[in-house]
Amino acid sequence: MQENIDSVMQRGENLDNVGQKTDRLRDEAQVFQRSAVRVRKKMWWNNMKWKIIIAVCLIIIILCSMLTKGEIVRSVVSVVLSKKN
């Protein structure tokens with residue numbers, strides 16, 4: 001009889017321990033989720049920053065290319081026009 005009471009008491013203590021561990025795990029999971037969201041946002045901004053930098057560089061290259069082509073065309077036209085005169 002005493003052994004049954006002791007085992008029931010032990011089972012109750014084990015259930016309390018499991019409950020405490022569950023609560024602690026839930027808290028740690030919430031902290032992990034918040035930090036994961038923070039890291040995900042940080043990485044998104046970092047990737048977006050690089051995309052913007054690459055886009056700006058491409059725009060600058062295209063504009064420079066267009067300007068130099070325009071200058072080449074103007075110089076060719078001016079040479080042709082000067083030869084006609």
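**View 1. Where the charges sit in this predicted model.** The protein chain carries 15 positive and 8 negative side chains. Take the centre of each set and you'll find the two 32 Å apart. This is a predicted model, so keep that in mind for every view here.

**View 2. One helix, stretched out.** Secondary structure is a quick tally for the protein chain: 1 helix and 0 strands. Its radius of gyration comes to 36 Å, well over the 12 Å that the globule rule gives for 85 residues, so the chain is more spread out than a compact globule. The C-alpha trace tells a matching story, spanning about 125 × 15 × 5 Å along its principal axes.

**View 3. What the surface is made of.** How many of the 85 residues count as buried? The share is 0%. About 8200 Å² of the protein chain is exposed, and carbon and sulfur atoms supply 66% of that area.

**View 4. A nonpolar patch around Leu 58.** Ile 54, Leu 58, Ile 59, Ile 61, Ile 62, Leu 63 and Met 66 make a nonpolar surface patch of about 710 Å². Leu 58 belongs to helix H1, which covers residues 2-84. Is Leu 58 buried or partly exposed? With a relative accessible area of 47%, Leu 58 counts as partly exposed, because that label covers values between 20% and 50%.

**View 5. Arg 74, further along the helix.** Arg 74 is also found in helix H1. Its relative accessible area is 58%, so Arg 74 is exposed, the cut-off being over 50%. Now look back to Cys 57, 17 residues away along the chain: the C-alpha atoms of Arg 74 and Cys 57 are separated by 25 Å.

Note on methods
Residues are numbered from 1 along each chain as its sequence is written. This is a predicted model: local features need pLDDT of at least 70, side-chain atom pairs count only at pLDDT 80 or more; totals for chains, interfaces and linings use all residues. Side-chain values use heavy atoms; hydrogens and water are left out. Patches are made of residues with over 30% relative accessible area and no salt bridge: like charges are joined within 9 Å, nonpolar side chains (Val, Leu, Ile, Met, Phe, Trp, Tyr) within 5 Å. Accessible areas come from the Shrake-Rupley method with a 1.4 Å probe; for residues, only the protein chains shown count as cover. A salt bridge is a side-chain nitrogen of Lys or Arg within 4 Å of a carboxyl oxygen of Asp or Glu. Helices (H or I, at least four residues) and strands (E, at least two) are DSSP runs, numbered from the N terminus. Buried means under 20% relative accessible area, exposed over 50%, partly exposed in between (1.4 Å probe, protein chains only). The radius of gyration is taken over C-alpha atoms; the globule rule is 2.2 Å times the number of residues to the power 0.38. Lys and Arg count as positive and Asp and Glu as negative; His and the chain ends are not counted. The place of a charge is taken as NZ of Lys, CZ of Arg, CG of Asp or CD of Glu.
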